[in-house]
Amino acid sequence: MPRLEEITPDNLAAAVEIKVSLAQEAFVAPVVASLAEAYASRQTAWPRLVYDGDRAVAFVMANFDPGHEIEAFRCGVWRLNVAAAEQGKGYGSFAVRALCEEARRRGHRRVTVLWEPGEGGPEGFYLRLGFKRTGEVLFGETVGELAL
Ligand SMILES: CC(C)(COP(=O)(O)OP(=O)(O)OC[C@H]1O[C@@H](n2cnc3c(N)ncnc32)[C@H](O)[C@@H]1OP(=O)(O)O)[C@@H](O)C(=O)NCCC(=O)NCCS
């Protein structure tokens, strides 16, 4: 059973080592960039590592910012990177479900995600998890939402 861990000085290197495949790099920022953003947005960012036993297999980051002027940014999946060799094993869906649990705990009723449309992208993954397109496009990305 996978679990979430906070980012600490001890697991930082393992977090940065999580790499998606070359072809997927167009769809998500590298973990190191997300951690820099998490540092700069530490009031709202919620970065976590997914572990299976002693293996760090994925990185997920939420943004919880209930007062944000753009509704799609109030509670959402900000980043999700599953290591290339660990994809297709349920870790991505575990990470999204765990993020949704945290969102619910904080009183949110809706989780959003923005994805880059395109071949090899995560659209099918989010639709499979029950996200629906809202019809909005923000910064060229498709907006999806899931009611909690
Ligand atoms: C997209 C991503 C997060 C999926 O993670 P994963 O751990 O491989 O996904 P899971 O094993 O939990 O898959 C859950 C379901 O979604 C399906 N799925 C996974 N990726 C898919 C894709 N790209 N398109 C369509 N379906 C997909 C799986 O087949 C599985 O279906 P099932 O329930 O019928 O078996 C992962 O491929 C990844 O890190 N991609 C690169 C980065 C990226 O695009 N991140 C999202 C940024 S918004």
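Q: How far is a ligand oxygen from an N or O atom in the side chain of R128?
A: That distance is 2.7 Å, where a polar contact is a pair of N or O atoms within 3.5 Å. This is a predicted model, so local features need pLDDT of at least 70 and side-chain atom pairs pLDDT 80 or more, while totals for chains, interfaces and linings use all residues. Residues are numbered from 1 along each chain as its sequence is written, and side-chain values use heavy atoms, without hydrogens and water.

Q: And which backbones have a polar atom by a ligand oxygen?
A: V82 has one at 2.9 Å, and G88 has one at 2.8 Å.

Q: How much of the ligand gets covered?
A: The protein covers 72% of the 910 Å² of accessible area that the ligand has on its own (Shrake-Rupley method, 1.4 Å probe).

Q: Who else is around the ligand, and which residues come nearest?
A: There are 21 residues around the ligand, and L80, G88, G90, S93 and R128 come nearest. Being near takes a heavy atom within 4 Å.

Q: What's the mix by class?
A: The shell has 10 nonpolar, 9 polar and 2 charged residues; Gly counts as polar here, and Asp, Glu, Lys and Arg as charged.

Q: Which element gives the most to that shell?
A: α4 does, with 4 residues. β4 (75–82), α3 (91–105) and α4 (123–128) each supply at least two. Helices (H or I, at least four residues) and strands (E, at least two) are DSSP runs.

Q: Switching topic, what does UniProt place at residues 2–148?
A: An unreviewed UniProt entry puts the feature "domain: N-acetyltransferase" there, though such annotations may be inferred rather than shown by experiment. The span is 24% helix and 34% strand, with its end C-alpha atoms 22 Å apart.

Notes: A polar contact is a pair of N or O atoms within 3.5 Å; within protein, one must be able to donate a hydrogen and the other to accept it, and residues adjacent in sequence count only if both atoms are side-chain atoms.
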